[in-house]
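Work through the exercises below with the sequence and the structure side by side. Try each task on your own before you read the solution that follows.

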Amino acid sequence: MNKSRYLVKDLYTADPSAHVFNGKLYIYPSHDVESGIPENDNGDHFDMRDYHVFSMDDINGNVTDHGVALDLKQVPWSGRQMWAPDAAEKNGRYYFYFPLKDKTDIFRIGAAVSNSPTGPFKAEVHPIDGSYSIDPAVFNDNDNDYYMYFGGLWGGQLQRYRNNKAQECGKEPAYNEPALCPKVVKMSNDMLGFAEEPRDLVILDEKGNPLLAGDHKRRFFEAAWMHKYNNMYYFSYSTGNTHLLCYATGDNPYGPFTWQGVILTPVVGWTTHHSICEFKGKWYLFHHDSKPSGGKTWLRSIKVAEINYRPDGTIEPIDGLAD
Ligand code: FUB
(Lines give C-alpha, C1' and ligand atoms only; values in the text may rest on other atoms or scores of the structure.)
Protein backbone atom coordinates (compact mmCIF):
# COMPACT_ATOMS: atom_id res chain seq x y z
CA MET A 1 0.00 0.00 0.00
CA ASN A 2 1.65 3.25 -1.12
CA LYS A 3 -1.46 5.39 -1.53
CA SER A 4 -3.11 7.17 1.39
CA ARG A 5 -6.25 5.56 2.76
CA TYR A 6 -8.92 7.37 4.83
CA LEU A 7 -9.51 5.47 8.05
CA VAL A 8 -12.67 6.89 9.62
CA LYS A 9 -15.72 7.92 7.60
CA ASP A 10 -18.48 8.65 10.13
CA LEU A 11 -16.63 11.14 12.38
CA TYR A 12 -14.19 13.92 11.63
CA THR A 13 -10.83 13.03 13.14
CA ALA A 14 -7.36 14.63 13.06
CA ASP A 15 -3.84 14.53 14.54
CA PRO A 16 -3.57 10.71 14.61
CA SER A 17 -1.06 9.30 17.09
CA ALA A 18 -0.52 5.63 16.26
CA HIS A 19 1.04 2.99 18.51
CA VAL A 20 1.28 -0.79 18.52
CA PHE A 21 0.37 -2.31 21.89
CA ASN A 22 0.37 -6.12 22.21
CA GLY A 23 0.51 -6.59 18.43
CA LYS A 24 -2.51 -4.41 17.67
CA LEU A 25 -2.50 -0.91 16.20
CA TYR A 26 -4.22 1.84 18.19
CA ILE A 27 -4.89 5.36 16.96
CA TYR A 28 -5.41 8.30 19.30
CA PRO A 29 -6.73 11.25 17.25
CA SER A 30 -8.49 14.54 17.91
CA HIS A 31 -12.24 14.44 17.30
CA ASP A 32 -13.19 17.42 15.12
CA VAL A 33 -16.63 19.00 15.40
CA GLU A 34 -18.53 21.80 13.70
CA SER A 35 -18.26 24.55 16.32
CA GLY A 36 -19.65 27.46 14.33
CA ILE A 37 -16.72 29.56 15.57
CA PRO A 38 -15.12 31.68 12.81
CA GLU A 39 -11.60 30.68 11.70
CA ASN A 40 -8.77 32.72 13.26
CA ASP A 41 -5.00 32.51 14.00
CA ASN A 42 -5.83 31.61 17.61
CA GLY A 43 -7.42 28.33 16.45
CA ASP A 44 -10.72 29.07 18.25
CA HIS A 45 -12.55 27.13 15.52
CA PHE A 46 -10.90 23.91 16.75
CA ASP A 47 -13.33 23.52 19.64
CA MET A 48 -13.14 19.79 20.29
CA ARG A 49 -14.87 18.22 23.30
CA ASP A 50 -13.92 14.55 23.52
CA TYR A 51 -11.63 11.81 22.25
CA HIS A 52 -12.34 8.45 20.62
CA VAL A 53 -9.78 5.63 20.30
CA PHE A 54 -9.59 3.45 17.17
CA SER A 55 -7.89 0.11 16.60
CA MET A 56 -6.87 -2.13 13.69
CA ASP A 57 -5.64 -5.72 13.47
CA ASP A 58 -4.37 -5.17 9.98
CA ILE A 59 -3.37 -1.99 8.11
CA ASN A 60 -5.81 -2.76 5.27
CA GLY A 61 -8.53 -4.12 7.55
CA ASN A 62 -11.46 -2.74 9.51
CA VAL A 63 -11.04 0.20 11.85
CA THR A 64 -12.89 -0.23 15.15
CA ASP A 65 -14.20 2.86 16.97
CA HIS A 66 -14.06 2.17 20.72
CA GLY A 67 -16.25 5.14 21.54
CA VAL A 68 -15.59 8.07 23.85
CA ALA A 69 -12.39 7.48 25.82
CA LEU A 70 -12.35 10.86 27.57
CA ASP A 71 -14.81 13.76 27.62
CA LEU A 72 -14.02 17.36 28.48
CA LYS A 73 -16.61 17.26 31.28
CA GLN A 74 -14.61 14.49 33.00
CA VAL A 75 -11.52 16.68 33.35
CA PRO A 76 -11.70 18.62 36.63
CA TRP A 77 -9.54 21.51 35.40
CA SER A 78 -11.09 21.82 31.93
CA GLY A 79 -11.79 25.02 30.09
CA ARG A 80 -12.10 24.41 26.33
CA GLN A 81 -10.49 22.84 23.25
CA MET A 82 -9.21 19.26 23.44
CA TRP A 83 -6.38 19.26 20.90
CA ALA A 84 -3.94 16.64 19.57
CA PRO A 85 -3.41 13.78 22.07
CA ASP A 86 -1.05 10.84 22.46
CA ALA A 87 -0.83 7.67 24.56
CA ALA A 88 1.81 5.39 26.08
CA GLU A 89 1.91 2.00 27.78
CA LYS A 90 3.99 1.14 30.84
CA ASN A 91 3.75 -2.05 32.88
CA GLY A 92 0.29 -2.89 31.52
CA ARG A 93 -1.22 0.52 32.26
CA TYR A 94 -2.13 3.03 29.58
CA TYR A 95 -1.49 6.75 29.83
CA PHE A 96 -3.34 9.27 27.71
CA TYR A 97 -1.93 12.78 27.28
CA PHE A 98 -3.96 15.68 25.95
CA PRO A 99 -3.63 19.47 25.53
CA LEU A 100 -6.58 21.41 26.88
CA LYS A 101 -7.13 25.03 27.84
CA ASP A 102 -7.68 25.47 31.57
CA LYS A 103 -10.30 27.75 33.07
CA THR A 104 -8.05 30.79 32.42
CA ASP A 105 -7.73 29.90 28.69
CA ILE A 106 -4.11 28.74 29.02
CA PHE A 107 -3.15 25.48 27.30
CA ARG A 108 -1.82 22.84 29.71
CA ILE A 109 -1.14 19.15 29.17
CA GLY A 110 -3.28 16.64 31.02
CA ALA A 111 -2.69 12.99 31.86
CA ALA A 112 -5.35 10.31 32.22
CA VAL A 113 -4.99 6.60 33.06
CA SER A 114 -6.67 3.32 32.14
CA ASN A 115 -6.04 -0.42 32.35
CA SER A 116 -7.07 -0.69 28.68
CA PRO A 117 -5.51 0.93 25.58
CA THR A 118 -9.00 1.97 24.50
CA GLY A 119 -9.93 3.62 27.79
CA PRO A 120 -12.08 4.98 29.27
CA PHE A 121 -9.32 7.09 30.77
CA LYS A 122 -9.56 8.72 34.18
CA ALA A 123 -8.12 12.21 34.17
CA GLU A 124 -5.79 13.42 36.90
CA VAL A 125 -7.21 16.23 39.05
CA HIS A 126 -4.62 18.77 37.83
CA PRO A 127 -2.69 19.22 34.57
CA ILE A 128 0.93 18.01 34.53
CA ASP A 129 2.97 20.31 36.73
CA GLY A 130 5.23 22.51 34.58
CA SER A 131 3.35 21.71 31.36
CA TYR A 132 2.25 24.34 28.85
CA SER A 133 1.37 24.69 25.15
CA ILE A 134 0.09 21.75 23.05
CA ASP A 135 0.69 18.55 21.09
CA PRO A 136 2.26 16.07 23.53
CA ALA A 137 3.93 13.06 21.92
CA VAL A 138 5.40 10.42 24.21
CA PHE A 139 8.28 8.26 22.99
CA ASN A 140 9.43 5.08 24.70
CA ASP A 141 13.16 4.61 24.25
CA ASN A 142 14.69 1.19 24.90
CA ASP A 143 11.54 -0.03 26.71
CA ASN A 144 12.39 1.93 29.79
CA ASP A 145 12.78 5.66 29.27
CA TYR A 146 9.81 7.79 28.27
CA TYR A 147 10.17 11.30 26.85
CA MET A 148 7.46 13.82 26.09
CA TYR A 149 7.86 16.17 23.11
CA PHE A 150 5.50 19.12 23.00
CA GLY A 151 4.82 22.69 21.86
CA GLY A 152 2.96 24.62 19.21
CA LEU A 153 3.04 28.22 17.99
CA TRP A 154 0.24 30.88 17.78
CA GLY A 155 -2.99 29.14 18.93
CA GLY A 156 -0.77 26.63 20.71
CA GLN A 157 0.73 29.54 22.75
CA LEU A 158 4.41 28.43 22.63
CA GLN A 159 5.45 31.96 21.61
CA ARG A 160 4.29 33.17 25.05
CA TYR A 161 7.12 31.28 26.81
CA ARG A 162 10.87 31.61 27.19
CA ASN A 163 12.89 29.22 29.41
CA ASN A 164 9.63 27.50 30.47
CA LYS A 165 8.29 30.76 31.92
CA ALA A 166 5.32 32.73 30.62
CA GLN A 167 6.35 36.22 29.55
CA GLU A 168 4.68 39.37 28.34
CA CYS A 169 5.81 39.63 24.72
CA GLY A 170 4.09 36.56 23.25
CA LYS A 171 5.68 36.84 19.81
CA GLU A 172 7.94 34.64 17.69
CA PRO A 173 11.55 35.98 17.66
CA ALA A 174 12.68 38.29 14.83
CA TYR A 175 13.33 36.61 11.47
CA ASN A 176 17.14 36.57 11.92
CA GLU A 177 17.06 35.16 15.46
CA PRO A 178 17.01 31.43 16.35
CA ALA A 179 13.55 29.91 16.03
CA LEU A 180 11.58 28.89 19.10
CA CYS A 181 12.27 25.26 19.91
CA PRO A 182 9.90 22.38 20.58
CA LYS A 183 10.35 20.95 24.08
CA VAL A 184 11.55 17.56 25.27
CA VAL A 185 11.28 16.28 28.82
CA LYS A 186 11.81 12.93 30.53
CA MET A 187 8.70 11.55 32.19
CA SER A 188 8.66 10.62 35.87
CA ASN A 189 8.49 6.91 36.80
CA ASP A 190 4.75 7.10 37.45
CA MET A 191 4.22 8.63 33.96
CA LEU A 192 2.08 11.39 35.46
CA GLY A 193 4.67 14.14 35.68
CA PHE A 194 7.95 15.52 34.39
CA ALA A 195 11.20 14.18 35.87
CA GLU A 196 13.07 17.38 34.97
CA GLU A 197 12.60 20.84 33.48
CA PRO A 198 11.59 20.70 29.80
CA ARG A 199 14.57 21.32 27.51
CA ASP A 200 14.82 22.99 24.10
CA LEU A 201 15.02 20.53 21.22
CA VAL A 202 17.37 22.35 18.87
CA ILE A 203 17.03 21.80 15.11
CA LEU A 204 20.18 22.65 13.14
CA ASP A 205 20.59 23.47 9.47
CA GLU A 206 23.16 21.81 7.16
CA LYS A 207 25.89 24.16 8.48
CA GLY A 208 25.22 23.26 12.11
CA ASN A 209 23.42 26.52 12.93
CA PRO A 210 20.04 26.57 14.70
CA LEU A 211 17.16 27.16 12.28
CA LEU A 212 16.09 30.79 12.23
CA ALA A 213 12.65 32.08 13.17
CA GLY A 214 12.25 33.50 9.64
CA ASP A 215 12.90 30.11 8.02
CA HIS A 216 9.21 29.30 7.79
CA LYS A 217 9.73 26.32 5.48
CA ARG A 218 11.84 24.55 8.10
CA ARG A 219 11.27 25.96 11.58
CA PHE A 220 9.15 24.02 14.07
CA PHE A 221 5.53 25.12 14.39
CA GLU A 222 3.59 22.21 16.01
CA ALA A 223 2.85 18.44 15.80
CA ALA A 224 5.99 16.96 17.37
CA TRP A 225 6.65 13.25 16.87
CA MET A 226 9.63 11.03 17.63
CA HIS A 227 10.49 7.62 16.21
CA LYS A 228 13.61 5.54 15.93
CA TYR A 229 14.74 3.77 12.76
CA ASN A 230 18.01 1.83 12.50
CA ASN A 231 19.19 3.34 15.80
CA MET A 232 18.72 6.89 14.51
CA TYR A 233 16.26 9.26 16.22
CA TYR A 234 13.84 10.99 13.86
CA PHE A 235 12.08 14.11 15.12
CA SER A 236 9.23 15.12 12.81
CA TYR A 237 6.90 18.12 12.94
CA SER A 238 4.70 20.58 11.07
CA THR A 239 5.96 23.93 9.80
CA GLY A 240 2.46 25.40 10.33
CA ASN A 241 1.99 28.37 8.01
CA THR A 242 4.02 26.68 5.23
CA HIS A 243 2.03 23.45 5.72
CA LEU A 244 4.89 20.94 5.50
CA LEU A 245 5.70 17.87 7.55
CA CYS A 246 9.49 17.86 7.99
CA TYR A 247 11.98 15.72 9.85
CA ALA A 248 15.36 16.09 11.50
CA THR A 249 17.67 13.35 12.75
CA GLY A 250 19.90 12.95 15.79
CA ASP A 251 21.77 10.34 17.80
CA ASN A 252 19.90 10.70 21.08
CA PRO A 253 16.36 11.64 22.25
CA TYR A 254 17.34 15.18 23.35
CA GLY A 255 19.17 16.19 20.20
CA PRO A 256 20.45 18.38 18.69
CA PHE A 257 18.76 17.27 15.48
CA THR A 258 19.77 18.14 11.94
CA TRP A 259 17.04 19.07 9.46
CA GLN A 260 16.81 16.47 6.68
CA GLY A 261 13.78 17.09 4.52
CA VAL A 262 10.06 17.04 3.87
CA ILE A 263 7.95 13.95 4.63
CA LEU A 264 4.59 15.25 3.38
CA THR A 265 3.86 18.17 1.05
CA PRO A 266 0.84 20.40 1.85
CA VAL A 267 -2.55 18.73 2.16
CA VAL A 268 -6.05 20.18 1.67
CA GLY A 269 -6.64 22.24 4.82
CA TRP A 270 -4.45 24.55 6.92
CA THR A 271 -3.08 22.11 9.47
CA THR A 272 -0.94 19.06 8.89
CA HIS A 273 -0.20 16.66 11.74
CA HIS A 274 0.99 13.08 11.84
CA SER A 275 2.60 10.14 13.55
CA ILE A 276 5.03 7.52 12.24
CA CYS A 277 4.74 3.95 13.40
CA GLU A 278 6.05 0.49 12.49
CA PHE A 279 3.39 -2.21 12.19
CA LYS A 280 4.08 -5.81 11.12
CA GLY A 281 7.47 -4.90 9.61
CA LYS A 282 6.39 -1.88 7.57
CA TRP A 283 6.51 1.82 8.39
CA TYR A 284 3.48 4.08 8.07
CA LEU A 285 2.68 7.78 8.12
CA PHE A 286 -0.64 8.55 9.79
CA HIS A 287 -1.88 12.04 8.98
CA HIS A 288 -5.01 14.02 8.07
CA ASP A 289 -6.51 16.34 5.50
CA SER A 290 -9.73 18.27 4.98
CA LYS A 291 -10.66 16.86 1.58
CA PRO A 292 -13.74 14.88 2.72
CA SER A 293 -15.24 18.00 4.36
CA GLY A 294 -14.72 20.02 1.18
CA GLY A 295 -11.70 21.88 2.58
CA LYS A 296 -13.11 22.97 5.96
CA THR A 297 -9.85 23.20 7.84
CA TRP A 298 -11.46 22.44 11.22
CA LEU A 299 -13.16 19.24 9.93
CA ARG A 300 -10.39 16.81 9.13
CA SER A 301 -10.13 13.09 8.33
CA ILE A 302 -7.29 10.77 9.30
CA LYS A 303 -5.37 8.74 6.70
CA VAL A 304 -2.50 6.29 6.46
CA ALA A 305 0.22 5.85 3.81
CA GLU A 306 3.26 3.61 3.75
CA ILE A 307 6.66 5.28 4.20
CA ASN A 308 9.71 4.34 2.16
CA TYR A 309 13.20 4.82 3.57
CA ARG A 310 16.10 5.16 1.17
CA PRO A 311 19.25 3.10 1.88
CA ASP A 312 20.89 6.16 3.52
CA GLY A 313 18.00 6.45 6.01
CA THR A 314 16.33 9.47 4.39
CA ILE A 315 12.57 9.33 3.83
CA GLU A 316 10.93 9.59 0.40
CA PRO A 317 8.50 12.55 0.51
CA ILE A 318 4.81 11.80 0.06
CA ASP A 319 2.55 14.01 -2.06
CA GLY A 320 -0.06 15.51 0.27
CA LEU A 321 -2.57 15.87 -2.56
CA ALA A 322 -2.30 12.28 -3.85
CA ASP A 323 -5.00 9.80 -2.83
O1 FUB B 1 -6.23 19.73 16.23
C2 FUB B 1 -5.94 20.96 16.84
C3 FUB B 1 -4.58 21.42 16.49
O4 FUB B 1 -4.47 21.56 15.08
C5 FUB B 1 -3.47 20.46 16.85
O6 FUB B 1 -3.18 20.42 18.21
C7 FUB B 1 -2.42 21.00 15.96
O8 FUB B 1 -1.29 20.19 15.85
C9 FUB B 1 -3.17 21.16 14.67
O10 FUB B 1 -3.28 19.95 13.97
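**Exercise 1.** Find the side chains with which the side chain of Asn164 makes polar contacts, and decide whether Asn164 is buried or exposed.

Solution. Begin with the side chain of Asn164, which makes a polar contact of 3.2 Å with the side chain of Glu197; such a contact is a pair of N or O atoms within 3.5 Å, where within protein one atom must be able to donate a hydrogen and the other to accept it, and where residues adjacent in sequence count only if both atoms are side-chain atoms. Next, the side chain of Asn164 also makes a polar contact with the side chain of Tyr132, at 2.6 Å. Then place the residue: Asn164 lies in the loop between β13 (161–162) and β14 (165–166), where strands are DSSP runs of E with at least two residues, numbered from the N terminus. Finally, Asn164 is buried because its relative accessible area is 18%, and buried means under 20%, exposed over 50% and partly exposed in between, with a 1.4 Å probe and protein chains only.

Before going on, note that this is a predicted model, in which local features need pLDDT of at least 70 and side-chain atom pairs count only at pLDDT 80 or more, while totals for chains, interfaces and linings use all residues. Residues are numbered from 1 along each chain as its sequence is written, and side-chain values use heavy atoms, with hydrogens and water left out.

**Exercise 2.** Classify Asn40 and His287 by accessibility, and describe a side-chain contact of each.

Solution. Asn40 sits in the loop between β3 (24–32) and β4 (50–56), and it counts as partly exposed because its relative accessibility is 32%. The side chain of Asn40 reaches the backbone nitrogen of Gly43 at 3.0 Å. Turn then to His287, which belongs to strand β23 (residues 282–289) and counts as buried because its relative accessibility is 0%. The side chains of His287 and Ser4 are joined by a polar contact of 3.4 Å.

**Exercise 3.** Which residues lie around the ligand, and how do they divide by type?

Solution. A residue is counted here if one of its heavy atoms lies within 4 Å of the ligand, and the residues found in this way include Asp15, Ala84, Asp135, His273 and Arg300. The shell divides into 4 nonpolar, 4 polar and 4 charged residues. Now look at single distances: an oxygen atom of the ligand is 2.5 Å from an N or O atom in the side chain of Asp15, and an oxygen atom of the ligand is likewise 2.5 Å from an N or O atom in the side chain of Asp135. At Ala84, a polar backbone atom is 3.4 Å from an oxygen atom of the ligand.

**Exercise 4.** Examine the backbone at Pro120, Pro256, Asn91 and Ala223.

Solution. Recall that most residues other than glycine have a negative phi, and that most peptide bonds are trans. The bond from Gly119 to Pro120 is cis, with omega near 0°, and the bond from Gly255 to Pro256 is cis as well, with omega near 10°. Asn91 has a positive phi, near 50°, and counts as exposed because its relative accessibility is 71%. Ala223, in strand β18 (residues 222–229), has a positive phi of about 65° although it is not a glycine, and it counts as buried because its relative accessibility is 0%.

How values were computed: Ala, Val, Leu, Ile, Met, Phe, Trp, Tyr, Cys and Pro count as nonpolar, Asp, Glu, Lys and Arg as charged, and the others, Gly among them, as polar. Helices (H or I, at least four residues) and strands (E, at least two) are DSSP runs, numbered from the N terminus.
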